[in-house]
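Me: Please take a close look at one helix and its packing partners. I would like the geometry, the residues in contact and some word on confidence.

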Amino acid sequence: MVQSNKIENNLTMMKKLLIFSVVMFVFGYAMVPFYEKFCEVAGINNLLQPDKLVKKMEIDTDRWVTVELDANTRGLPWDFKPLQRSIKFHPGEPVEVMYEITNHSDREITGQAIPSYSPRFLDKHLRKFECFCFTRQVLKPKETKVMPVQFVIEPSLPEYLHTLTISYTFFELPVGAKAVSEK
Amino acid sequence: MAAIHGDVHGHGHDDHHPTGIMRWITTTNHKDIGSMYLWFSLAMFFTGGFLALGIRAELFQPGIQILEPELFNSFTTLHGLIMVFGAIMPAFVGFANWQVPLMIGAPDMAFARMNNWSFWLLPVAASLLVSSFFVPGGAAAGGWTFYPPLSTQGGLGVDMMIFAVHILGASSIMGAINIITTILNMRAPGMKLMDMPLFVWTWLITAYLLVLVMPVLAGTVTMLLTDRHFGTSFFNAAGGGDPVLFQHIFWFFGHPEVYIMILPAFGIVSEIIPTFARKPLFGYSSMVYATASIAILSCVVWAHHMFTAGMPTVGQLFFMYSTMLIAVPTGVKVFNWTATMWRGSMTFETPMLFAIGFIFLFVIGGFSGVICAIVPIDIQVQDTYYVIAHFHYVLVSGALFSLFAGAYYWLPKWTGHMYDETLGKWHFWLSMIFFNLTFFVQHFLGLAGMPRRIPDYALQFADFNMISSIGAFGFGMSQLLFVYIVIKCVRSKEAAPEKPWDGATTLEWTHLPTPAPYHSFEKPPVFKPVSH
């Protein structure tokens with residue numbers, strides 16, 4: 001009698017622990033949206049969301065910054081380049097630059113651009129209102145597109161910085177994959 | 001070695017059991033399974049050790065002599081994986097299988113059939129890991145932490161590693177469920193939780209950590225797998241995933257994992273020190289609470305592995321302070337062990353030597369851990385040999401030394417024969433000297449800036465690397481002595497004394513004959529609590 005009671009107790013315990021393990025497995029997956037949400041709220045890693053337009057930003061006319069534009073593709077037959085090498089302007093002044101992509105292949109390709117900044121902390125002082133990286137880009141065979149990036153460098157940029165780099169890399173999205181910007 | 005015959009495992013046979021190999025395949029006896037775990041982990045220890053010696057041989061001199069860089073990377077990766085998942089963890093599970101039922105007065109583990117299954121998954125996983133060296137593209141080479149993008153890119157070897165980790169995870173979870181149920185439901189009548197030997201306590205907490213984090217690891221490798229083959233983009237930047245996310249999830253598992261490998265070590269040492277000091281453990285309840293606090297804290301410090309991955313200062317500070325806080329309960333433990341020895345009538349047999357060696361060297365590893373926890377220093381020493389030195393001080397002279405201590409301590413109970421004390425002492429002193437020769441100099445290498453996971457290095461690191469390699473070969477060879485001692489002990493004809501350690505107070509020494517019979521505590525013992 002005691003024995004069968006014991007076995008029952010053990011099985012109940014095993015069930016609880018198994019359920020707990022499954023919950024922890026799901027928790028691992030739950031960390032993915034939690035991480036994304038956390039980054040969004042904390043403003044970390046916020047590369048692919050438009051920033052809010054600030055109407056009145058003070059323009060620091062006392063100094064100039066030069067932003068060098070860089071463009072790369074990774075593993076897809078596209079030609080991707082900025083229409084100007086660099087742009088010089090005052091912090092706080094909204095600017096627009098243009099990029100051009102051409103699909104050289106005979107198939108329709110979907111790509112997603114991922115930005116990268118130098119220095120690394122530039123995202124703290126950069127506000128982007130419009131960017132081709134906010135959505136996926138679909139290019140028909142031999143199609144060419146010209147796309148804008150609108151941004152402003154905030155006057156909070158440290159004084160010692162004069163030259164900055166904004167770089168984009170296009171990656172091919174597998175068919176059916178969701179772009180980050182659409183998640 | 002060729003002289004080993006079938007009768008090696010000849011402790012207390014049973015009449016109605018299959019014999020030969022089928023006995024081991026079908027056994028549900030906790031002692032058989034414990035022995036298999038221990039032999040398996042010993043074999044894996046030498047496999048991982050072979051890889052380590054390959055690494056050290058390559059690093060003996062600057063330049064590429066023995067291993068091509070790709071193969072070198074596979075060696076470091078598989079050395080880590082095999083030692084963590086194949087040697088240290090199964091060895092502790094082996095101790096749990098043998099000792100938990102004996103120490104709480106239970107007849108066997110709660111789920112004997114599942115116990116068999118959790119063991120027999122291990123050789124499958126191990127052969128996947130080892131055979132991945134021979135597939136096109138070679139074994140995984142992205143480090144034992146298998147960070148993407150390397151792990152989302154590698155070849156078949158990476159898939160085999162992922163599958164192996166899945167299997168090992170399943171085995172660990174089943175083992176942990178078994179241990180928790182055994183401890184909570186099957187204690188001898190009258191044994192309250194706070195009467196349990198500390199080894200049982202540490203394993204209870206460890207088993208909870210296992211069911212807490214092993215499923216998360218399983219989830220992580222599943223995400224890697226679907227990223228590699230099924231078009232998801234959890235970690236793939238091209239598809240909008242984030243490799244840093246992997247590091248967060250991995251270390252959410254990975255940091256508790258390091259305590260999974262050290263808490264049972266604390267337990268073993270907490271059994272041995274009182275025995276050989278012939279005094280009850282000082283501060284029993286504070287030991288229990290310290291173990292629990294370490295386990296809880298271990299779940300909120302993971303990002304100290306990622307200080308250079310890009311993190312807000314607030315985050316760095318949080319993880320820095322929470323990490324340093326772990327030094328407090330750990331300090332309580334070291335204090336208690338020292339206080340247990342204080343004015344004890346100590347003798348220094350091999351288990352005690354390894355236990356004291358453990359305390360001494362583990363504290364060095366603990367201190368270098370506190371140093372690594374300091375953000376500005378960590379940014380300097382991240383991915384250098386300083387970190388290698390740190391975690392080998394806690395894993396080799398920590399976990400491994402405690403395993404040796406425990407093996408010598410319980411060998412007479414398991415086999416019924418005494419090990420060779422002189423050789424045991426030789427084993428200790430050789431291990432002690434060569435261990436420090438290998439790893440102490442790596443602190444200097446790391447501070448001087450030598451990065452980890454490289455097959456070649458700048459000339460100024462040559463001398464210390466040579467010393468370290470000599471130490472590593474010496475340490476590796478000394479472990480052959482351990483195998484010899486164990487086999488000699490198992491095959492010995494002389495019976496061990498009923499109670500070789502007069503300070504021992506736990507049930508397996510006071511209530512069971514030596515060697516422990518194949519079936520023990522079929523009737524629960526009468527347990528009288530000792531005041532701690």
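Reply: What follows centres on helix α7 of chain B, with confidence and the disulfide search at the end. The model is predicted.

Helix α7 of chain B covers residues 198–229. Two packing partners are described here.

Take α8(B), residues 243–260, to begin with. α7(B) and α8(B) pack at about 150 degrees. Their axes are 9 Å apart. Angles over 145 degrees count as roughly antiparallel, so α7(B) and α8(B) are roughly antiparallel to each other. Their crossing is left-handed. On the α7(B) side, the contact uses Thr206(B), Leu209(B), Leu210(B), Val213(B), Met214(B), Val216(B), Leu217(B), Thr220(B), Met223(B) and Leu224(B). Facing them in α8(B) are Phe246(B), Ile249(B), Phe250(B), Phe252(B), Phe253(B), Pro256(B), Glu257(B), Tyr259(B) and Ile260(B). By class, this contact of α7(B) with α8(B) has 16 nonpolar, two polar and one charged residues.

Now the other partner, α10(B), residues 284–298. Here the angle with α7(B) is about 15 degrees, and the axes lie 10 Å apart. The cut-off for roughly parallel is under 35 degrees, so α7(B) and α10(B) are roughly parallel to each other. α7(B) passes α10(B) in a right-handed crossing. From α7(B), the contact takes Leu198(B), Trp201(B), Thr202(B), Ile205(B) and Leu209(B). From α10(B), it takes Tyr284(B), Met287(B), Val288(B), Thr291(B), Ala292(B), Ala295(B) and Ser298(B). The contact of α7(B) with α10(B) divides into nine nonpolar residues, three polar and no charged.

Leu209(B) links the two descriptions. It is listed in the contact with α8(B) and also in the contact with α10(B).

Next, confidence. Chain B averages a pLDDT of 93. In chain B, 96% of the residues score at least 70. The model scores ipTM 0.87 and pTM 0.87. One stretch needs care: over residues 1–14 of chain B, pLDDT stays under 50. For residues 1–14 of chain B the model has 20 contacts beyond four places in sequence. Where pLDDT is low, predicted coordinates should not be read in detail.

Last, the disulfide search. Over all chains, a search of the whole structure finds one disulfide. It joins Cys131(A) to Cys133(A), with S to S at 2.5 Å. The link of Cys131(A) and Cys133(A) is right-handed, with 130 degrees about the S-S bond.

Definitions and conventions: Residues are numbered from 1 along each chain as its sequence is written. Chains are lettered from A and ligands numbered from 1 in the order in which they are written. This is a predicted model: local features need pLDDT of at least 70, side-chain atom pairs count only at pLDDT 80 or more; totals for chains, interfaces and linings use all residues. Side-chain values use heavy atoms; hydrogens and water are left out. pLDDT is the predictor's confidence in each residue, from 0 to 100. Contact means heavy atoms within 4.5 Å. Axes are lines fitted to C-alpha atoms, for helices over the stretch in contact, and angles run from 0 to 180 degrees between N-to-C directions. Helices (H or I, at least four residues) and strands (E, at least two) are DSSP runs, numbered from the N terminus. Angles under 35 degrees count as roughly parallel, over 145 as roughly antiparallel, 65 to 115 as roughly perpendicular and the rest as oblique. A crossing is left-handed if the near helix is turned anticlockwise from the far one by less than a right angle, and right-handed if clockwise. Ala, Val, Leu, Ile, Met, Phe, Trp, Tyr, Cys and Pro count as nonpolar, Asp, Glu, Lys and Arg as charged, and the others, Gly among them, as polar. A disulfide is a pair of cysteine sulfur atoms within 2.5 Å.
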